[in-house]
Amino acid sequence: MAVEYTIPGMLIRDHMVDVPLDWSKPEGKTIRVFAREVCDPARRRETLPLLAFLQGGPGGKSPRPSNGGPPWLAEALKTHRVILIDQRGTGRSSRIESATMEHFADGRAAADYLSLFRADSIVADCEYLRKVVFGGGRWQTLGQSYGGFLTLTYLSKAPEGLSACYVTGGLAGLGATADDVYRRTYPRVAEKNAAYYRRYPGDAERIGRIADYIETNEVRLPDGDRLSVRRFQTIGIDFGMAPGYENIHWLVDEAFSGPNEDRLSDRFLASVMSLTSYDDNPLFAVLQESIYGQAGTPIAWAAERIRAEHPAFAGDRRPLLLTGEMMYPWMFEEIRSLRPFRAGVEALAAYERYEPLYAPARLAANEVPVAAVIYHDDMYVDAGLSLETARHVANLQAWVTNEFEHDGVRQSAAVLRRLMTLVREQGGPLAS
């Protein structure tokens, strides 16, 4: 039975269902998938179209609504019931965390388990929810970032469940390998670093000084992990978001403490620990490269290998370049919350038995209306690959803009409003 309650401006129903761990073996072991249904309390008795939110990630749980936000949710609730799904392995959906890894005899067994948490399984879970919990009619989807990857898989595997799709910063390269992705994104990250240092020219010296201090002292984070320069560099993952430059600037602004600013401050160390620990979403690091896995092509630590082609990111170079959405093998040794995943991730790096996530022929014949915003300067999802994909998906309207960063839909309701308008002006969603 669903649990129902009201918070200011939102009526909420919580749903929990059991689904197969492995959809190819439906009679086998099960896991639990959680979904939160949200609507305007004043419209609780109305039959409204459903909008399923496909969260970014991988490994991200659905947003927890509060104070009427995020902005896109307030916009969607004007016309829809919104379904916030915790993707398998996240939030309340049989969450995977470090203790989960204790149950596997070796890395290969762990990798076999983790491989069941990719896009094809997530889409199968969504279809089960749609049919069993929400009446079986077609629903609309909003896919942010990795949620756009899921949208392409959904259109490839089960388009009959969809009436319209909205994608924000998430059109994946249909045939792109992890190597292809990182060869495109490292130069983009370097451009973001250059823009950051233009905005805050004094930070080049300050960040270099922080790196020098870390290199010459044994710096411990509050959880006991030793802070290395390469771990410090990973805070640059924030550069692709709207407030990213400011977040990093104010972090390093208070990096030093003491009468002579001769030690790193407690605030700085606690913030760096929080930004780089992955306690809340270990699957983001664990599955990051495998979302690009193609059959017969091991990912083989692509970000680490391609980094060697970009020596400007070396830890002893100045100005020091911060890195982006890249995961490295050393992270599973240096970061406490990721160490239990080491054997499984090593096996995933050598994994070759990836099932295809996209069906190009089916996408080329797609009849579901799709509207996608492509962020021209996106640091995480290459705009060139997104445009190429847009050309190969029928019935897709692409809006290209540099007005927003990757998190545009979280910053302004105008993004979702524009996408919905694009679909409506072309005849609207398919009948449910």
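Colleague: A helix here is a DSSP run of H or I with at least four residues, and helices are numbered from the N terminus. With that in mind, which helix gives the largest share of the lining of the second largest pocket?

Modeller: This is a predicted model, and its second largest pocket has a volume of about 410 Å³. The pocket is lined by 16 residues, and Asp22, Ser115, Leu116, Asp120 and Glu355 are the ones nearest its centre. Four of the lining residues come from one helix, which spans residues 119-132 and makes the largest contribution, namely H3.

Colleague: How many charged residues are in the lining of the second largest pocket?

Modeller: Sorted by class, this lining holds six nonpolar residues and three polar ones. The remaining class, the charged residues, has a count of seven.

Colleague: Turning to the largest pocket, which helix supplies the largest share of its lining?

Modeller: The largest pocket encloses about 860 Å³ of space, and 31 residues line it, with Ile237, Met241, Asn281, Phe284 and Arg410 lying nearest its centre. By class, the lining comprises eight nonpolar, 16 polar and seven charged residues. The largest share from a helix is three residues, and these belong to the helix of residues 266-276, which is H9.

Colleague: Which helices do the buried residues of H13 pack against?

Modeller: Helix H13 covers residues 342-349, and its buried residues are Gly344, Val345, Ala347, Leu348 and Ala349. Buried here means that under 20% of the relative accessible area remains. The helices against which these buried residues pack are H2 (107-114), H10 (282-287) and H12 (331-334).

Terms used:
Residues numbered from 1 in each chain as written. Predicted model: local features only at pLDDT ≥ 70, side-chain atom pairs only at ≥ 80, totals over all residues. Heavy atoms only, no water. Buried < 20%, exposed > 50% of the residue type's maximum accessible area, 1.4 Å probe, protein only. Helix = DSSP H or I, 4+ residues; strand = E, 2+ residues; numbered from the N terminus. Contact = heavy atoms within 4.5 Å. 1 Å grid on protein atoms, 1.4 Å probe; cavity = no way out; pocket = protein on both sides within 12 Å on 5 of 7 lines; lining within 4 Å. Points joined across faces, edges and corners; volume = space filled by probe spheres on them. Nonpolar A, V, L, I, M, F, W, Y, C, P; charged D, E, K, R; others polar.
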